[in-house]
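Thank you all for coming; I would like to walk you through a structure that may be new to most of you. Please have the sequence and the model on your screens while I talk.

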Amino acid sequence: EQLLTTLREPMARLVSEYVYFCQYCHESARFCGKYRISNTDCSNGAVNFSTWIERAPNLYTRQFSAYWPGMSYADAWMGGFSNAEPLTVNHVSRAERTLTRPSSFVVWTDEMTDAPNDTLERMRAWLGRRAGMALMNENQFPHYNQRPSYVTAYVPTATERERACLVNWADCALYQRLRNRSCDC
């Protein structure tokens, strides 16, 4: 069993997710009227960034530290992890073990643009000779997202950033462990 995933710095992911799903209501308005957050929905700006960050925090830690029997991970996420147990440092450690095992490969979004050749070379080595051949003549990531950055569409205040980092403490701890970098709080 192998795991190939793309991850992003937690604050950048959180802001982008808020803008994409809530402000622009993309992906069939997944959070705009269909999934309730504190008796309001995302349409017409009813949910602000502070409310959004409380909705389903620590996405990466939850995704890589536990299985979601009885529902898909996406259903748990869209429901704000309402039936999930509170996170502990043990969850962060489990997520770290999942993402650092030899059968896992993590591509960070900044690596796709800052060092695509190095990242593709590591990916080729991880995939092995036969699978890596598919990427042999690539020097940038196929399907590179050419849409404008959603992060620039909303700039959280210092107070919002601080709160987001407190609420998403597990993802920030996981990011620190995996990248030896702090979240962009």
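In helix α1 the buried residues are P10, M11, R13, L14, V15, S16, E17, Y18, V19, Y20, F21 and C22. Please keep in mind that this is a predicted model. With 12 of its 14 residues buried, α1 is largely enclosed by the rest of the structure. The helix runs over residues 10-23, and its end C-alpha atoms are 19 Å apart, which agrees with the 20 Å that its 14 residues should span at 1.5 Å a residue. At its N-terminal end α1 is capped by E9, which places a side-chain oxygen 3.1 Å from the backbone nitrogen of M11. Just after the helix comes C25, which takes a positive phi of about 55 degrees.

Let me turn to a second helix, α6, which covers residues 89-100. Its 12 residues reach 16 Å from the first C-alpha to the last, close to the 16 Å expected at 1.5 Å a residue. Which residues are buried in α6? They are H91, V92, S93, A95, T98 and L99, and what covers them includes the strands β1 (3-7) and β2 (104-108) together with the helices α4 (59-65) and α11 (169-179). At the start of α6, the side chain of T88 brings an oxygen to within 3.2 Å of the backbone nitrogen of N90.

Now to the charged side chains, where the structure holds 8 salt bridges. One of them joins E54 and R163, whose closest N and O atoms are 2.8 Å apart. Because E54 lies in helix α3 (residues 49-55) and R163 in helix α10 (residues 158-167), this pair ties together parts that are 109 residues apart in sequence. Are the two partners buried or partly exposed? E54 counts as partly exposed at 38% relative accessibility, and R163 counts as partly exposed at 39%.

Another salt bridge brings together the side chains of R122 and E111, with 3.2 Å from N to O. Here R122 sits in helix α8 (residues 116-127) and E111 in helix α7 (residues 109-114), 11 residues apart. R122 is partly exposed, with a relative accessible area of 39%, whereas E111 counts as buried at 16%.

Helix α8 also holds a salt bridge between E121 and R124, and the closest N and O atoms of that pair are 3.1 Å apart. The two residues are 3 residues apart in α8, which means that about one helical turn separates them. In general, an α-helix has 3.6 residues a turn, so residues three or four places apart point the same way. Even so, E121 counts as partly exposed at 48% relative accessibility, while R124 counts as buried at 11%. Before leaving this topic, I should mention that D110, R179 and R181 are linked in a network of salt bridges.

Finally, I would like to look at two asparagines with backbone angles worth checking on your screens. N58, in the loop between α3 and α4, has a positive phi of about 60 degrees although it is not a glycine. N180, in the segment after α11, has a phi near 60 degrees, again a positive value in a residue other than glycine. How do their surroundings compare, buried or exposed? N58 counts as buried, at 3% relative accessibility, whereas N180 is exposed, with a relative accessible area of 64%.

Notes
Residues are numbered from 1 along each chain as its sequence is written. This is a predicted model: local features need pLDDT of at least 70, side-chain atom pairs count only at pLDDT 80 or more; totals for chains, interfaces and linings use all residues. Side-chain values use heavy atoms; hydrogens and water are left out. A salt bridge is a side-chain nitrogen of Lys or Arg within 4 Å of a carboxyl oxygen of Asp or Glu. Helices (H or I, at least four residues) and strands (E, at least two) are DSSP runs, numbered from the N terminus. Buried means under 20% relative accessible area, exposed over 50%, partly exposed in between (1.4 Å probe, protein chains only). The expected span of a helix is 1.5 Å times one less than its number of residues. A polar contact is a pair of N or O atoms within 3.5 Å; within protein, one must be able to donate a hydrogen and the other to accept it, and residues adjacent in sequence count only if both atoms are side-chain atoms. Contact means heavy atoms within 4.5 Å.
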